[in-house]
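Biologist: Please take a close look at the sheet for me. Then walk outward from there to whatever surrounds it.

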Amino acid sequence: MPETAGVDSRWMRHALDLAQRAAEAGEVPVGAVVVRDGQVLGEGWNRPIGLSDPTAHAEIQALRAAAAAVGNYRLVGCDLYVTLEPCAMCAGAIVTARIHRVIYGADDPRAGAAGSVFSVLPGEQLNHRCEMTPGVLGEESAELLRGFFRARRKPPPTLAERDSG
């Protein structure tokens, strides 16, 4: 395994741990971490329900924390690891922040803005282009999301089922 792949897997595991925090809070399980020179500058997980904030996606939380840590909204030389392909809102923020590379796990066929639905990333028509590395721990990321939604769709147990257990 090339060194970059090992480093990418390590940071994606960190993002998956953050996604698990979102799931435990009843949020869609997405986690994100901003890294520069092997150091975490910011991290986040989905929190729009808990914060009553439609912009509180994992990527936005991580970008805000990283920008505060460096004292600049430009995050030049930073990589963003996220468990799900960014949406259009997050992709726009990623471009504005000048993120160097976006590494994501699962594709988002409903709202992905890295080519699945929209092509905001890598931003061929924009003034900043991010490098992209899709599919890092993609199956683990997708399974976390599938399990979360499967559990939400599962009907509650009947009285008879509860009494028999």
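Modeller: What follows starts with the sheet and moves on to a helix, two pockets and a salt bridge. Keep in mind that this is a predicted model.

The sheet is open and has five strands. Their order is 2-1-3-4-5, and the pairing is mixed. Strands of a sheet pair through backbone hydrogen bonds, either parallel or antiparallel. Look at the edges next. Strand 2 (39-45) and strand 5 (131-133) each have a single partner strand, so one side of each is left without a neighbour in the sheet. On average, neighbouring strands are turned by 15 degrees against each other, direction ignored.

Now go to strand 2 and its partner. Strand 1 (residues 31-36) pairs with strand 2 in the antiparallel sense, over six bridges. One contact to find on screen is Val 34, whose bridge partner in strand 2 is Gly 42. The two strands form a hairpin, with two residues between them. Asp 37 sits in that turn and has a positive phi of about 55 degrees.

Which helix packs on the sheet? Helix 5 (residues 138-153) does, and it touches strand 3 (79-84) and strand 4 (101-106). The direction of helix 5 makes about 55 degrees with that of strand 4.

Helix 5 also leads to the largest pocket. Six residues of the lining come from helix 5, the largest share. The pocket holds about 320 Å³ of space. It is lined by 13 residues, and the closest to its centre are Pro 109, Arg 110, Leu 145, Arg 146 and Phe 149. By type, the lining has seven nonpolar and six charged residues, with no polar ones.

The second largest pocket has a volume of about 200 Å³. Its lining counts 14 residues. Nearest its centre lie Val 28, Val 30, Asn 46, His 57 and Leu 84. Here the lining divides into eight nonpolar, two polar and four charged residues.

Last, the charged pairs. Side chains of opposite charge can pair when their charged atoms come close. The whole structure has seven salt bridges. One of them joins the side chains of Arg 64 and Asp 53, at 3.9 Å from N to O. Arg 64 belongs to helix 3 (residues 58-70), while Asp 53 lies in the loop between helix 2 (48-51) and helix 3. The two residues are eleven apart along the chain.

Note on methods
Residues are numbered from 1 along each chain as its sequence is written. This is a predicted model: local features need pLDDT of at least 70, side-chain atom pairs count only at pLDDT 80 or more; totals for chains, interfaces and linings use all residues. Side-chain values use heavy atoms; hydrogens and water are left out. Two strands pair if DSSP finds at least two bridges between them. Helices (H or I, at least four residues) and strands (E, at least two) are DSSP runs, numbered from the N terminus. Axes are lines fitted to C-alpha atoms, for helices over the stretch in contact, and angles run from 0 to 180 degrees between N-to-C directions. Contact means heavy atoms within 4.5 Å. On a 1 Å grid over the protein atoms alone, a cavity is a set of points where a 1.4 Å probe fits but cannot get out, and a pocket is an open set with protein on both sides within 12 Å along at least five of seven lines; lining residues have an atom within 4 Å of a point. Grid points are joined across faces, edges and corners, and a volume is the space filled by probe spheres set on the points. Ala, Val, Leu, Ile, Met, Phe, Trp, Tyr, Cys and Pro count as nonpolar, Asp, Glu, Lys and Arg as charged, and the others, Gly among them, as polar. A salt bridge is a side-chain nitrogen of Lys or Arg within 4 Å of a carboxyl oxygen of Asp or Glu.
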